Amino acid sequence: MAESQHVMLSASGGGQEAVKQHLPKDLMLAASNLKRWQWWVLLVLNIVFLLVGQTAATLLGRFYYDKGGNSKWLSTLVQTAAFPLLLLPLIFLPASSSSSSTTTIPRPSTAKITLTYTALGFLIAADNLMYSYGLLYLPVSTYSLVCASQLAFNALFAYFINSQKFTPLILNSVVLLSFSSALLGIDVDSAADSPTIPRGKYILGFVLTVGASATYSLILSLMQLAFQKVIKKETFTVVLEMQIYTALVASCASVLGLFASGEWKGLGGEYGGFAAGKASYLMTVMGVAVAWQVASVGVVGLIFVVSSLFSNAISTLALPVVPVFAVIFFHDKMDGVKVVAMLIAIWGFVSYLFQNYVDDSAARKAKRDAGETSDSFAP
């Protein structure tokens, strides 16, 4: 889903026009049909969906573990199981993906599409499993800050796989986000935040969370590669279909893992022994599933309205927010090391966004200069 261009919104009224020139042709044509106020409403709405969905899913996932839940495969499954909700925008917004240019692009073979979606789906399932272990073995504040490293990994994979250019600001972002995660990794006191978690499992959770962040970024780059080399178009419908079909494969793989591991046998005990009650257990599990799909709608919406690189940057914005709620609801310890790590992560994130702003400003200046040049040659 990640695109090779950086996109950053301008607060000026010309922001929509500046963004459009970064979009693939199909998305540009669809976006041009939106009025300016509709574009900004969709932008804000999708940002809210992404931030609220991701934050709620992370906090509810931690709540599931704290109150007696222990199934890693169930936690993995609920991250994709509510994918049928993505059919709603596919049903109600079919016209936004249509364009006359799509008819000239030959449709890839069914076997090639199936292989692509299957491979990505299994990779997503493995990624979600690592996230599940990380959330189980780490305090939610530490977990969220470590997840911020996904932006650094995204820049690295985009460089090697998608030929994205490195700039000093992007390099600065990569270094800062790496330092932020490393600082938490060597912090001995962080393991004491959850006395019930042995240090060995804390280290395992840290390693798996870093691995999950790297895998997530790899998935984004591979999805972009699939759009460029296999599907060869990137309309709203195609992006949404990829989300749906890969989630279907990931959900099937998670169900297989749930039964193969034998964890399904303990679900009845979890349901009956959940500290907050049976109704709360069901609401928590369903809430996590719905929250992740709300976040997915935000992801897809931002890809359509702006770009997938911008979408990934916004998802990273939620990560420093989660520790604040973790302190409030789960009484996580926010010591000096975590505060410094959070500030470094925010600094890295701002560097990443500022590069987007610089690229957008350069694109708008080039467009303005081109317009002035054409006017000078006008009779």
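Phenylalanine 274 and tyrosine 281 are both buried (under 20% relative accessible area with a 1.4 Å probe, protein chains only, with exposed meaning over 50% and partly exposed in between). In this predicted model, local features require pLDDT of at least 70 and side-chain atom pairs count only at pLDDT 80 or more, whereas totals for chains, interfaces and linings use all residues. Residues are numbered from 1 along each chain as its sequence is written, and side-chain values use heavy atoms, with hydrogens and water left out.

The count of aromatic pairs comes to 10, a pair being two rings of Phe, Tyr or Trp (its six-membered ring) with centres within 6.5 Å, classed as stacked when the planes are under 30 degrees apart, edge-to-face when over 60 and tilted otherwise. Tyrosine 64 and tyrosine 65 form a tilted pair, at 5.3 Å centre to centre and 55 degrees between the planes, and both residues are buried. The pair of phenylalanine 274 and tyrosine 281 is edge-to-face, with 5.2 Å between centres and 75 degrees between planes. Ring pairs join these four residues with Phe63 and Tyr271 into a cluster.

The largest nonpolar core (buried Ala, Val, Leu, Ile, Met, Phe, Trp, Tyr and Cys residues joined through side-chain atoms within 4.5 Å) has 35 residues, and Leu43, Ile231, Met242 and Leu302 have the most contacts inside it. Its largest share, nine residues, comes from H11, one of the helices (DSSP runs of H or I, at least four residues, numbered from the N terminus). A second, separate core of 27 residues includes Tyr64, Ala82, Leu136 and Val285.

Methods. Helices (H or I, at least four residues) and strands (E, at least two) are DSSP runs, numbered from the N terminus.
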